[in-house]
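Got the viewer open? Here is a walk through the model, one selection at a time.

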Amino acid sequence: MNDLDSVKRLRRSTPTMTPQAEQAARARLLAAMREPAPRRLPRRRPAWRPAIAAALTVVVGGTWVATREPVMTPVADVRELSERAADAAERSPDPGTRTGQWLYIKELKAAHDKYSGYGVSTSKRVTWEQWTSVDGKKVASFDEKGRLDNQFTHPGIGAAQLAKEPVTPETVLDRLRAVLAPLNSAGGDPLPAMNELLFQSIYQLMGEQALPPEVRAALFRALPTIEGVTVIQDATDAGGRRGIAFSHTGDWARYDLILSSEDYRFLGTYGESVIDKTFTWTGGKADVPAGTPVTWTAQLETALVNEPGQRP
């Protein structure tokens with residue numbers, strides 16, 4: 001039983017409030033409490049501190065600057081958010097990828113903390129670069145010795161496959177299921193439930209692939225059909241930019257796909273453990289308490305390039 005079910009049991013003596021009405025009421029309350037005037041960050045204060053609450057921070061030429069706080073437009077539910085995001089995606093330019101290209105991605109991310117790589121620090125940031133092949137099958141990055149390391153990536157599907165006609169919420173989900181279903185038969189630990197895998201796949205595609213507008217829109221419209229997807233009305237990426245997020249809680253962690261509240265472009269991600277979890281491997285283990293941040297990112301730059309390791 002989840003927290004919402006518990007609340008509903010307590011309300012049996014009162015008229016039923018729908019989940020959509022609850023979301024809308026909470027959004028209106030948050031909007032009413034928010035101060036209308038933006039506040040400036042203290043001079044020279046590091047822009048990445050989690051205490052930023054009323055300013056949008058961006059990176060320009062390697063310098064942190066504070067800009068006007070974005071207008072936070074509440075949404076009633078996940079379906080409304082998906083339609084707003086899909087409409088914005090359909091109006092965006094087509095990246096026009098070519099076979100053999102790679103997507104260069106530069107992001108700010110919370111540095112690994114304790115728990116042997118299963119947790120991140122909310123007070124430390126690193127700049128990270130990676131390259132994802134446009135066929136969705138490989139990802140490359142530089143290792144600690146400066147060598148370019150190529151690996152296979154999840155979910156192993158790219159823009160070209162997803163863009164085959166017809167492109168609808170149903171077809172893009174069917175294509176994702178087709179590549180995800182065989183993974184559980186490959187041995188090793190059992191994978192999460194399909195709903196969780198689908199959300200994680202969309203979460204990764206949005207941040208790591210140069211998707212055509214129609215594919216991005218279809219993926220946004222598919223999210224409300226995945227059981228357990230909700231809305232976080234006020235989310236913050238690792239760069240301090242505030243937005244709105246699609247969210248899904250799986251068997252041990254919650255992951256948020258953060259979008260701009262102004263134009264619904266991808267901003268970054270956040271993940272947090274929701275239960276105490278122990279990970280074991282040969283020669284060691286890590287106990288990760290509930291509430292541990294497990295990922296926090298802010299996408300700073302993307303560009304199509306001809307090979308991994310190339311910068312725009």
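Start with the empty spaces: a search of this predicted model turns up 3 cavities of 30 Å³ or more. Go to the second largest cavity, with a volume of about 50 Å³. To see its walls, select Thr132, Gly136, Thr153, His154, Pro155, Gly156, Ile157, Gln204, Leu205, Glu208 and Gln209. Helix 6 gives the most to this lining, with 3 residues.

Two of those wall residues deserve a click of their own. Select His154 and Pro155 and look at the bond between them: this peptide bond is cis, with omega at about 0 degrees. Pro155 sits in the loop that runs between strand 6 (148-152) and helix 4. Now go along the chain to Glu165 and Pro166, where there is another cis peptide bond, with omega at about -5 degrees. Pro166 belongs to the loop between helix 4 and helix 5. Why stop for these? Most peptide bonds are trans.

Next, select residues 169-180, which make up helix 5. How far apart are its end C-alpha atoms? They are 17 Å apart, which agrees with the 16 Å that 12 residues should span at 1.5 Å a residue. Colour Pro169, Thr171, Val172, Leu173, Arg175, Leu176 and Leu180: these are the buried residues of helix 5. Then show what lies over them, which includes helix 4 (159-162), helix 6 (194-208) and helix 7 (213-222).

Leu176 leads on to the next stop. The largest nonpolar core has 45 residues, and Leu176, Leu219, Phe220, Leu223 and Phe246 are those with the most contacts inside it. Which elements give two or more residues to this core? They are helix 3, helix 4, helix 5, helix 6, helix 7, strand 7 (229-236), strand 8 (242-249) and strand 9 (253-260). Helix 6 gives the most, with 7 residues.

Zoom in on Leu219. Leaving aside neighbours within four places in sequence, Leu219 is in contact with Val172, Leu176, Ile202, Leu205, Met206 and Leu211. Two of these partners, Val172 and Leu176, are among the buried residues of helix 5 that you coloured earlier. Leu205 may look familiar too, as it is in the lining of the second largest cavity. Before moving on, select Leu108, Val120, Trp296 and Ala298: they are among the 11 residues of a second, separate core.

Now select Ser82, in helix 3 (residues 78-90). Is Ser82 buried or exposed? With a relative accessibility of 1%, it counts as buried. Look for a polar atom of its side chain, which lies 2.8 Å from the backbone oxygen of Arg79. Not counting residues up to four places away in sequence, Ser82 also touches Phe220, Arg221, Pro224 and Phe246. You have met Phe220 and Phe246 already, among the residues with the most contacts inside the largest core.

For a change of scene, go to Trp102 in strand 3 (residues 102-112). Trp102 is buried, with a relative accessible area of 11%. Add Gln130 to your selection: the two residues are 28 apart along the chain, and their C-alpha atoms are separated by 9.6 Å.

Tyr264 comes next, in the loop between strand 9 and strand 10 (266-273). What is its phi? Tyr264 has a positive phi of about 65 degrees, although it is not a glycine. Most residues other than glycine have a negative phi. Tyr264 also counts as buried, at 12% relative accessibility.

The last selection is the largest pocket, which has a volume of about 1,400 Å³. Of the 40 residues that line the largest pocket, Tyr203, Gln204, Tyr255, Val294 and Thr295 lie nearest its centre. At least two lining residues each come from strand 3, strand 4 (120-133), helix 6, strand 10, strand 11 (277-281) and strand 13 (293-305). Helix 6 gives the most to this lining as well, with 7 residues.

Finally, zoom out. The whole protein has 7 helices and 13 strands, and 42% of its 312 residues count as buried. Among contacts with a separation of 6 or more, 58% are between residues 24 or more positions apart.

How values were computed. Residues numbered from 1 in each chain as written. Predicted model: local features only at pLDDT ≥ 70, side-chain atom pairs only at ≥ 80, totals over all residues. Heavy atoms only, no water. Helix = DSSP H or I, 4+ residues; strand = E, 2+ residues; numbered from the N terminus. Expected span 1.5 Å × (residues − 1). Buried < 20%, exposed > 50% of the residue type's maximum accessible area, 1.4 Å probe, protein only. Contact = heavy atoms within 4.5 Å. Polar contact = N/O pair within 3.5 Å; in protein donor to acceptor, adjacent residues only side chain to side chain. Core = buried A, V, L, I, M, F, W, Y, C linked by side-chain atoms within 4.5 Å. 1 Å grid on protein atoms, 1.4 Å probe; cavity = no way out; pocket = protein on both sides within 12 Å on 5 of 7 lines; lining within 4 Å. Points joined across faces, edges and corners; volume = space filled by probe spheres on them.
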